[in-house]
4 protein chains.
Amino acid sequence: MPRVFKPVDISKEEKELRKDYFDRHTPHVICESEVKRGDKFKVKVVIGDEYSHPDDHDHYISTIQLWNRETLIATASFSSGMLANQKSHFEVDFYIIPSVSMNLTAMAVCTNHGLWQSDSVEVKVVD
Amino acid sequence: MPRVFKPVDISKEEKELRKDYFDRHTPHVICESEVKRGDKFKVKVVIGDEYSHPDDHDHYISTIQLWNRETLIATASFSSGMLANQKSHFEVDFYIIPSVSMNLTAMAVCTNHGLWQSDSVEVKVVD
Amino acid sequence: MPRVFKPVDISKEEKELRKDYFDRHTPHVICESEVKRGDKFKVKVVIGDEYSHPDDHDHYISTIQLWNRETLIATASFSSGMLANQKSHFEVDFYIIPSVSMNLTAMAVCTNHGLWQSDSVEVKVVD
Amino acid sequence: MPRVFKPVDISKEEKELRKDYFDRHTPHVICESEVKRGDKFKVKVVIGDEYSHPDDHDHYISTIQLWNRETLIATASFSSGMLANQKSHFEVDFYIIPSVSMNLTAMAVCTNHGLWQSDSVEVKVVD
């Protein structure tokens, strides 16, 4: 089964030792914490923070998903070479219109190292 | 975060009570248990066993993935209405050529009820 | 076969008569016309200009693709309801690193009205 | 723009000269020509006939789509290596329930050689 990797599942010692490995695979949801009901809302997902991921033909980030709780909102699929085969941060911006408050999570697929999950982000919808 | 639903995570009592709900969302990997190295190998994924899932525009199985351990092999994405808006078993056959023994798992996305995972299936590659 | 719809394929008279129909389905590639080699480059794809498209469960924009000539760079797939079932402009930002000059085209799939293609956009890579 | 390649667009002379190139990229829809209304219906899509396509990390068939006229029914996305990096026929079986007579077309994306289209297949729905 595809284990889902998440920063919190990993012991502090292992995190220190393999910090770059965890960092460059972890997706981050970046957005405002509040949105006016009915307004378009930008949600950026970016992979990695201090460390960036290779874009090799046999090793790259192929998929980024955005979930609101149990609902898959949007998926981006990439071709290798999109980042000129350089190490970089895979990144996509989705645009949604929230009708109720959300709990957003991103997931990412590395072609060699499986399924990774971001921390969740609360977004409040206000009138 | 999208919880991953799996038959084994559910208590026996809840399973009895909500048997149809769990049954109609659960993916199953159906294939031979052995394959000759280099031969093409058919892997069927079917959703549900005794119970079948609606194909409504606002409630259907949108995605089926086939994983070998941490590696995403193939994804099928469906449009609602593909099954004439009838209750039925969403189904796809993938064809792969295994080079080493595999541990296959299917995952499925229901547009209303999240991410579901099959039991894993061992496939032995023989010479 | 899925005809590919494109503004230029349509007679002037038909364009006038069905202006809103063509407008709200047509993808647009929005980006700078020049990029420094090796720099990350944002490419927005937005559907429709004066008119916006419904986000109904049985009628929405399900897919946006970004192509560089014959190469599929990235695909975004959406779930209905992502835009709160309101009429709006489906939109996504991709981030790429160009190594050679590009000719970008977007394609979009409407669940009811087929495959649509943008005008192409030239992007020059400079040192 | 991504030209859509199709056997009929190509001159007889060019077809002879580059027969293997056209053959190994062309998708084929394989199914019965008649189906009882409401019955599940298997549609195989296979790429190539006499010639098979590489499965290299930088050159493989990444996507197969099944269309009924202007409606995208289902998409399969593959990871490179799925066919053990051997030359083979990329292949998938979709299962649909037709409610009206169909005109099916498959499209395929080669990561190096663009978008290819099958001949169309008429399927009659009978009572």
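Q: Hey, what share of the interface residues of chain D are also interface residues in chain B?
A: It comes to 100%, so these copies meet through the same surface. Residues count as in contact if their C-beta atoms, placed from the backbone, lie within 7 Å. One thing up front: this is a predicted model, where local features need pLDDT of at least 70, side-chain atom pairs count only at pLDDT 80 or more, and totals for chains, interfaces and linings use all residues. Residues are numbered from 1 along each chain as its sequence is written, while chains are lettered from A and ligands numbered from 1 in the order in which they are written.

Q: Good to know. How many residues of chain D are in contact with chain B?
A: There are 24 residues of chain D in contact with 24 residues of chain B. On the side of chain D that touches chain B, strand S6 (71–78) and strand S7 (91–96) of chain D each supply at least two residues. S6(D) gives the most, with seven residues. Strands here are DSSP runs (E, at least two residues; helices are H or I, at least four), numbered from the N terminus.

Q: And what's the chemical make-up of that side of chain D?
A: The side of chain D that touches chain B divides into 14 nonpolar, seven polar and three charged residues. For those classes, Ala, Val, Leu, Ile, Met, Phe, Trp, Tyr, Cys and Pro are nonpolar, Asp, Glu, Lys and Arg are charged, and the others, Gly among them, are polar.

Q: What turn lays chain D on chain B?
A: A turn of 180° with a shift of 0.0 Å along the axis does it, and the RMSD is 0.0 Å. The superposition is by least squares on the C-alpha atoms of residues with pLDDT of at least 70 in both copies.

Q: Switching to the sheets: what's the strand order in the one that holds S7(B) and S7(D)?
A: That open sheet has six strands, running S2(B)-S4(B)-S7(B)-S7(D)-S4(D)-S2(D), with antiparallel pairing. Its edge strands are S2 (27–30) of chain B and S2 (27–30) of chain D, each of which pairs on one side only. From one strand to the next the twist averages 20°; axes are lines fitted to C-alpha atoms (for helices, over the stretch in contact), and angles run from 0 to 180 degrees between N-to-C directions.

Q: How many bridges join S7 of chain B to S7(D)?
A: Three bridges join these antiparallel strands, and B:Val92 stands opposite D:Phe94 there. To count as paired, two strands need at least two DSSP bridges between them.

Q: And out by the edge, how many join S2(D) to S4 of chain D?
A: Four bridges link S2(D) to S4 (residues 41–47) of chain D, again antiparallel. In that pairing D:Pro27 stands opposite D:Ile47.

Q: I'm looking at B:Lys42. Where does that residue lie?
A: B:Lys42 lies in strand S4 (residues 41–47) of chain B.

Q: Why does B:Lys42 count as partly exposed?
A: Because B:Lys42 has 14 C-beta neighbours inside 10 Å. The rule is that 20 or more other C-beta atoms within 10 Å means buried, 12 or fewer means exposed, and in between is partly exposed, with C-beta atoms placed from the backbone.

Q: Which residues does B:Lys42 touch, ignoring neighbours within four places in sequence?
A: B:Lys42 is in contact with B:Cys31, B:Asp93 and B:Tyr95. Also, the C-alpha atoms of B:Lys42 and B:Ile97 are separated by 8.8 Å, although the two are 55 residues apart along the chain.

Q: Now the other pair. What turn and shift lay chain C on chain A?
A: A turn of 180° and a shift of 0.0 Å along the axis, with an RMSD of 0.0 Å. The two copies are therefore related as by a two-fold rotation axis.

Q: What does the contact between chains C and A look like in numbers?
A: 24 residues of chain C are in contact with 24 residues of chain A. S6(C) gives the most to that side of chain C, with seven residues.

Q: Last one: which strands make up the sheet shared by A and C?
A: The order is S2(A)-S4(A)-S7(A)-S7(C)-S4(C)-S2(C), an open, antiparallel sheet of six strands. Three bridges join S7 (residues 91–96) of chain A to S7 (residues 91–96) of chain C. A:Phe94 stands opposite C:Val92, and the bridge partner of A:Val92 is C:Phe94.

Note on methods. Two residues are in contact if their C-beta atoms, placed from the backbone, lie within 7 Å.
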